Every structure is written in C-alpha cells, then in structure tokens.
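Work through these exercises with the structure open beside you. Try each task before you read its solution.

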Amino acid sequence: MVRIPIDNGPVDKILKDCDDYTDSVTFFSVFKDEMDKAKLSCEVEHDFKISGSKRENRNPDFAIMKGNDIIDVIEHKASISSPQNALEEFTDAEKQYRILDYNGVVSKPSITVLYPEWSRIHVDKVRDKVPSDVSLCAFDQTSADDVITFKLEGDGCCDDVKEILDGNSIRFKATAYSKYKFIRRDPPIPYTAFQIWGLLYGFLDSKSSDKVEIPVSYKELCRRAEYFFPPWIRNNHQVKSNRMMSALKFLQTTKFVKIAGDDTIVRYSNRGTKSGDLQAYFAKKYAEKIMKIKDADKAKKRKSIARTNVASLDNFL
Amino acid sequence: MPSGLNFADKSQLFDYYGRAIERSELPSLHCFIFSSDAESPIERAIERARDKGLITSLLSKNDQIYQVRIGIRTSSQIGFFVPVDKHWMFISEGESSRISQIMASFSRRMFPILNLVYVPSLPLLEMVERVKTKYDSVEVVEGTFCKTGETFRNWKKTPLEFNLKTMMGLARREEAKWTGVTLKFKADGDVVFGCRFSENGHLTLYSGNFLEFYSDAVLPYIYSSEQIRQKLDGRERKETDDSVILSPISIDFKAPISETEAHTIEKKIIDGYAAAVLHPGNPMLMIQLSDRDDGSSFDLYVFKKKVEIVPQQKSTPDSLGNLVSLVSDILPTGTALW
C-alpha cells in the first residue's frame, strides 16, 4: 500500500495508525505463508524466554530457526515517523536480538529490519549511524498490484531469507487481511473497539434483533474474538484479555456498551443510528479523550507550579 | 381495494384476483415475494411496525391469509400475505411505482423478519429462457436498464422476441443490466398472460390467466431466488485449528472501476451499515461492515476491475444478497462469480 504520512491532527494520526495496523496484519499473514512455502522453520511473534531470567523474554516478529538455534531475526516496522524514530528502532532491534540465550542455546542471529519504502527519507538521514549488525530492507506493500517488493540493503541474513528479500517481490491478495484481524503488536484502541463492535453484532438473531439491549457473556465474546487472532498468538490470554477489556472500557465511555459490575456481562444497545464510519468516530472520541487527559495534566502542572510559587513567596516573606 | 374482503383459503383469493384481471377490472396485480427464517413472521412484522411507529396493521386473518394495511409515512397499501413454498407473497393492486416504493421501504424496515428476495439480472433472464420453452413465443414489451448513475426504460415499438443472447447483447451494448422486463407469454396466437419481472422480488400481472402466471412466473421466480440464496448460504468465515477458510464472492468488470463509482459504494455502505473504511481507495477501497439488523459482517474490497466481498463471523444469505444487490445497482456491468 502506498502510504503517505498524514499530519493533519490527532484523529488523522490515529486513523493512520489503524491503517498501518491493517497493513501489518496483512503483511504478517502473507509473509508467514511465504516462509512456509520456502519450507523455512519460522516462529512468528514467539515468546523466547531468556535463560536465567524468569521474567525476561524476547519476541521477534519472525525468527528463522535451525533446531533450537535462532539464525535469523526479521523485524517488521509498519511506520517510521522521523530519523530519530528510525535510529531508535534499529538500535533497539540490535540490543534486543544480538544475543539470544534461549533454552540453554546461545544464538547470535542475523538481524534484518524491514521498513516501509515511503519512510526511506528518514532512514537515509541516519544510515551511517545504524548498528553494523543490523541489515535494513525497504518494502513496498502495494495493493494495486497485489505485490510486496523488497530491497535488501545488507547481506547479513541467511541465504534462504536473502532469496526472499533480495530485490524480490511476493504476490499476495489484499483479502489476506480477512483471515485474521490482529497480530501481537497492540492495535490502536479505536481499531479494537470497532472489531469488538462488529463481533457484538454477531450475537443478533431474528429473536433479538428488535431488543434495545442485548446481554452478551464476556467469556463468549472473548471466545469469538479468539478466532480472529492468528494461531501463533491465539493462546496468549494476556494479549487477548488486555486488548479486549481496554476496548470494551472505551466502548463504555462512548456509550456503546455497558459492562456489568462483575465485568462478565456486556450489555450492548442495538438501538439508535449507529451506522457510518464507526472507526473514524471512535478515533475522534479517542482523540478527545487523550486531549482531555493532556489538558487535565497541564492544569495539574500549572496548579503545582502556582503552589510552588506561593510557597517560595511565603519563604521569601 | 376494499378492506372487508375475506377469503377462506388461498385458492379463493387467487380465484378472486384471477377473475378481476381477466375481466380487466384491475389494471394490474402486484406480487411481492419475501423470504423469512423467523417464526410467525407476519405477526412479528406487525408488532415491529408498531414499535417503529409505522401505520401497519392486521385487518383480518383467515387460515394463513393475512389481510394487512402497510403504511409508510403518508402512503399505505392494503393487500394479502399468503405463504408460498417457504416464502411469503404479498398480493395487492395499485399504482406500480407507489406500491413498489412502499414495499421496498417496508422490507428495509422489517429485515431480517421479512426480506424481499433478490434475483439478479442474469439468473432472471435465464429463468425466463427456461419458462419460454412451454410457450410458442415470449414477447418483450418493455424493459428497464440500470446503467452507472442512471436507470432508464426501453420501450419496444416493434415486438422483440425474447432470447437470452439477444437480451444480454442489448445490455452489453448499453453497458447496463436489466433490472426489470415486461413480457407477453403467447400460445396458439393468444396472450396467455402478460407480466413484469423485477430483480427485487416484485412481479406484476397485467393481463391474462392468473393461475398460469402463478405457476409459470411466480413459482419459477421463487425457485430462482432460492437457488441464489443457496449460493449465498454457508459463506461465513470458517476456522480449523491451523487454517481459515474464506468463501468470498467476486464481481468482475471488464472496464476499470472509477474513483467516483468506488466513492458511491463507500457512501452507500457508510449510510446503511456499521462500517470502518480501512483504506479509502486509490488504489484500493477496503471497508469492513456489519449489518445492523441481522449481525452479518463482511469485508468489502474494491480493486481496479473487481469487487470482492468476504463474509466474516456471520453471514446470512439475505444480508449478503442485499450487499451484492447494492454493489450491482451502482456497478451494473459486473459478472458475479459465486
């Protein structure tokens, strides 16, 4: 998809994030299929527990395995917003994946970071500062031609991966997005809210279509949502439940659902004119919410500064 | 129509209308075919109409014949609902455009309890081609074309013999689709019946024998609509342990879809569905949408020469049919692959 960064305000920024997320979902689905076709053993968004640490883990977007050895790590960046952001992302990838001690096997994988072609302008400005262990690869995801093209800029990765990335392209169907709606990376809240709102409609039947409020079990809602998570993160309850609950709480603030006191039953209303571009509506509401929080923070700061000033004046007197 | 009419059964009702048409007491008789999966749909529709503030009411009920007044805003229409082969037929007399507007509006408000069936242009013509074999000839009197941005009627000054190839050729030449066609079915030099078929569940009898019309127009039409429903059925996204099965419907076009056309689709969907525009077109329009009435959900993609509809968690044949019909009314020259 040819993406032109938009900077017309917070709502556009949120919608751009939603677009990027949609593209990423498609990318992950298509790229995983490509890895399977190439018969590469590939773990997607897998939790690699770091040896000797109970808490620490790493989850690269794509890890190419040879037995227990991780030989390649491929990180996908949907968006690079500035040269500084580019450098942060590349340095972070190097820090995270340079050495992976997993299951007692110490791996030193090659690291490749994929970045969107349209953000090359930012990458070019920091190219000489990119850690030497990191290979870069620009990609262009264009639905007009149903193709993702790659331009590999280093040669660190294994031959099999190089074959896929080096000046090559993957044909894909944009409808690949319809397989799943999520990846591990957290989507913007308005995106999840819209997905959940769509799932809630699925509870309608000919008997309930006229009811004002329809009770839905939270457990059942999560069960239905589960099918829209790809198999590689489907069993990750933490990812699912956090995402679901934050979006439901947001839907509650926008008066689309009511969550019962025990958080197990969602009652949602089927009345009113809730047609339109709801994701854009949620983005607007979300932006307003963020602005309110920011304004409240500013007011708080102003108050505390005023108090400090008073205190200093008192001291002076 | 007088509201005091009472019929003991369907055959009495058909006799009454048959005689009225034969004696030319009625200029035309309208039949609207509804599908429904609900229990007691007529009672439920009347109940819903009351909730929605419509002036629809049940005037009488005998056996399974419901005499109903259907009122939308300031217009109302009296007619009879009768069950026909797992469907419901609303039969009434009156001025064509007025009654079809009332019924289309009623159907939209009653969905999913009752929904006007849909027989797309090509299957509609194919159905006539099949019925034609029972008659000496079928004459095309008039037809309605739907072209991008306009709908127009095409009156035949000299009679045109119905032929599927000719009809499709005419549509191609106009870069349009037939949305309705008025025909005369002839045998032994006489007109057995003259009627009109539309894509959207509406049949009109203008002259001739009601029972022949019923068996050679209404029943084949219902059969065709049922075949379309079967093609649209069971298309929801299916999930196994490690794979997802999608059953999309693809509508292909020979000429590229313009930005204006894609924008019209986007606007129509945003007006009627709970939607999210995930990509706003150029090069691809991608909309995720939920049917607010029956809970079906779809992803719709508009590419350069193709529209693809991918059913999601839930997909009923009626809701999917309505969406296909919406697209086909904006882009009438497509070929649906299902």
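**Exercise 1. The start of a helix**

Which residue caps the N-terminal end of α6(A), and which backbone nitrogen does its side-chain oxygen lie 3.2 Å from?

Solution. Keep in mind that this is a predicted model.

Step 1. The cap is Ser217(A). A side-chain oxygen of Ser217(A) sits 3.2 Å from the backbone nitrogen of Lys219(A).

Step 2. Find the buried residues of the helix. They are Tyr218(A), Leu221(A) and Ala225(A).

Step 3. Look down the axis of α6(A). The buried residues fall within an arc of 60°, so they line one face of the helix.

Step 4. Ask what that buried set packs against. The partners are α5, β12, α7 (237–253) and β14 of chain A.

**Exercise 2. A three-stranded sheet in chain A**

Work out the strand order of the open sheet that holds β12, β13 and β14 of chain A, then place the helices that pack on it.

Solution.

Step 1. The order is β12-β14-β13 (chain A), and the pairing is antiparallel.

Step 2. Name the edges. β12 (213–217) and β13 (257–259) of chain A each pair on one side only. From one strand to the next, the twist averages 25°.

Step 3. Check one pairing. β12(A) and β14(A), residues 265–269, are joined by five bridges and run antiparallel. Glu213(A) has Ser269(A) in β14(A) as its bridge partner.

Step 4. Add α6(A), residues 218–226. The helix packs on the sheet and touches β12 and β14 of chain A. Its direction makes about 75° with that of β12(A).

Step 5. Add α5(A), residues 189–201. This helix lies across β12, β13 and β14 of chain A, at about 85° to β14(A).

**Exercise 3. An enclosed strand in chain A**

Decide whether strand β9 of chain A is enclosed or open, and find how it pairs with β8(A).

Solution.

Step 1. Count the buried residues of β9(A), residues 134–142. Eight of the nine are buried, so the strand is largely enclosed by the rest of the structure.

Step 2. Find the pairing. Six bridges link β9(A) to β8(A), residues 110–116, and the two strands run parallel. Ile111(A) stands opposite Val134(A) in β9(A).

Step 3. Set this against the whole chain. Chain A has eight helices and 15 strands. Of its 317 residues, 48% count as buried.

**Exercise 4. Two hairpins in chain B**

Trace β2, β3 and β4 of chain B, and find a residue with positive phi in each turn.

Solution.

Step 1. Start with β2(B), residues 57–62. Five bridges join it to β3(B), and the strands run antiparallel. Asn62(B) stands opposite Ile65(B).

Step 2. Look at the turn. Two residues separate β2(B) from β3(B) in this hairpin, and Asp63(B) takes a positive phi near 55°.

Step 3. Move on to β4(B), residues 75–84. It pairs with β3(B) in the antiparallel sense over seven bridges. Ile72(B) has Ser75(B) as its bridge partner.

Step 4. Look at this turn too. The hairpin of β3(B) and β4(B) has two residues between the strands, and Arg73(B) has a positive phi of about 50°.

Step 5. Judge the burial of β3(B), residues 65–72. Seven of its eight residues are buried, so the strand is largely enclosed by the rest of the structure.

**Exercise 5. Loops of chain B**

Is Tyr135(B) buried or exposed? Then pick out the backbone features of Ser24(B), Ser40(B) and Pro112(B).

Solution.

Step 1. Place Tyr135(B). It is found in the loop between α4 (121–132) and β7 (137–147) of chain B.

Step 2. Apply the cut-off. Buried means under 20% relative accessible area. Tyr135(B) has 9% and is buried.

Step 3. List contacts beyond four places in sequence. Among them are Phe185(B), Val192(B), Glu212(B) and Asp216(B). Lys186(B) is 51 residues away in sequence but 6.0 Å away in space, C-alpha to C-alpha.

Step 4. Take Ser24(B), in the loop between α1 (10–22) and β1 (29–35) of chain B. Its phi is near 55°. At 59% relative accessibility, Ser24(B) counts as exposed.

Step 5. Take Ser40(B), in the loop between β1 and α2 (41–51) of chain B. Its phi is near 40°. At 43% relative accessibility, Ser40(B) counts as partly exposed.

Step 6. Finish with Pro112(B), in the loop between α3 (96–110) and β6 (115–116) of chain B. The peptide bond from Phe111(B) to Pro112(B) is cis, with omega near 10°.

Note on methods
Residues numbered from 1 in each chain as written. Chains lettered and ligands numbered in written order. Predicted model: local features only at pLDDT ≥ 70, side-chain atom pairs only at ≥ 80, totals over all residues. Heavy atoms only, no water. Pairing = 2+ DSSP bridges. Helix = DSSP H or I, 4+ residues; strand = E, 2+ residues; numbered from the N terminus. Axes fitted to C-alpha atoms, helices over the stretch in contact; angles between N-to-C directions. Contact = heavy atoms within 4.5 Å. Buried < 20%, exposed > 50% of the residue type's maximum accessible area, 1.4 Å probe, protein only. Arc of directions from axis to C-beta. Polar contact = N/O pair within 3.5 Å; in protein donor to acceptor, adjacent residues only side chain to side chain.
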